[in-house]
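I sat down with this model to look up a few local features and keep a record of each. The entries follow in the order in which I took them.

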Amino acid sequence: MALLPILCFPDPRLHTVAKPVAAVDARIRALCADMIATMYDAKGIGLAATQVDVHERLIVIDVSEERDAPLVLINPELVWTSPTTHLNEEGCLSVPGVYDGVQRFDAVRVRALDGAGQSRLIEADGLLADCIQHEMDHLMGRVFVEYLSPLKRNRIKTKMLKAQREAER
Ligand code: NI
């Protein structure tokens, strides 16, 4: 297992639209294991392949208190969204230290393959639903700060670039 480097906003690679996973094979299973390890190491509740510079439709999530219930969603597709939404306070491993409100569906139904390549229908609400929507956005090349006002987004971009320059010194 390996820890993978996580791309940080405003890295342009975060805007890549992911392609479907062609087959859940040994390469994909190894990638899932690495992504789960990377998510736990970074103390995140979700990670999309896009964030580790792999542009295939794969996300890992663990919203459990005990951090022992990893979920793998391969080629996830939203099949239903609730008519109601709420404002969710979000952060992202690719935008460290930034938290802001994003409008999300209260509940979603997602069809995806699991880590064994089995088709699953996941009904989610609460934190899991918010996390699924956030991670699926990554697969479309969308980072949550893009929902914020241009003013806020630019302020975050400047802050991130400054932090990245300082880290390189
Ligand atoms: Ni994120």
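**Surface patch**

I began at the surface of this predicted model, where Val79, Trp80 and Leu121 together make a nonpolar patch of about 270 Å². I then placed Leu121, which lies in strand S7, residues 119-125. Its relative accessibility came out at 42%, so I noted Leu121 as partly exposed, since the buried class ends under 20% and the exposed class starts over 50%.

**Nickel site**

Next I asked which atoms coordinate the nickel ion. I found Cys92 through SG, and His134 and His138 each through NE2, at 2.1 to 2.2 Å. Along the chain I read the spacing of these donors as C-x41-H-x3-H. Cys92 and His134 link distant parts of the chain, being 42 residues apart, with Cys92 in the loop between strand S4 (85-90) and strand S5 (100-105) and His134 in helix H2, residues 126-139. I also checked whether these two donors are buried or exposed. Cys92 has a relative accessible area of 11% and is therefore buried, and His134, at 7%, is buried as well.

**Helix H1**

I turned last to helix H1, which runs over residues 26-41 and has 16 residues. From its first C-alpha to its last I noted a reach of 22 Å, close to the 22 Å expected at 1.5 Å a residue. Its buried residues include Ile28, Leu31, Cys32, Asp34 and Met35, and strands S1 (46-48), S2 (58-61) and S3 (71-81) are among what covers the buried residues of H1. Just after the helix, I recorded that Lys43 takes a positive phi of about 60°.

Notes:
Residues numbered from 1 in each chain as written. Predicted model: local features only at pLDDT ≥ 70, side-chain atom pairs only at ≥ 80, totals over all residues. Heavy atoms only, no water. Helix = DSSP H or I, 4+ residues; strand = E, 2+ residues; numbered from the N terminus. Expected span 1.5 Å × (residues − 1). Buried < 20%, exposed > 50% of the residue type's maximum accessible area, 1.4 Å probe, protein only. Contact = heavy atoms within 4.5 Å. Donors = N, O, S within 2.8 Å, 3.2 Å for Na, K, Ca; no water. Patch = residues over 30% accessible without salt bridge, like charges linked within 9 Å, V, L, I, M, F, W, Y side chains within 5 Å. Areas by Shrake-Rupley, 256 points an atom, 1.4 Å probe, with all protein chains shown as cover. Salt bridge = Lys/Arg side-chain N within 4 Å of Asp/Glu carboxyl O.
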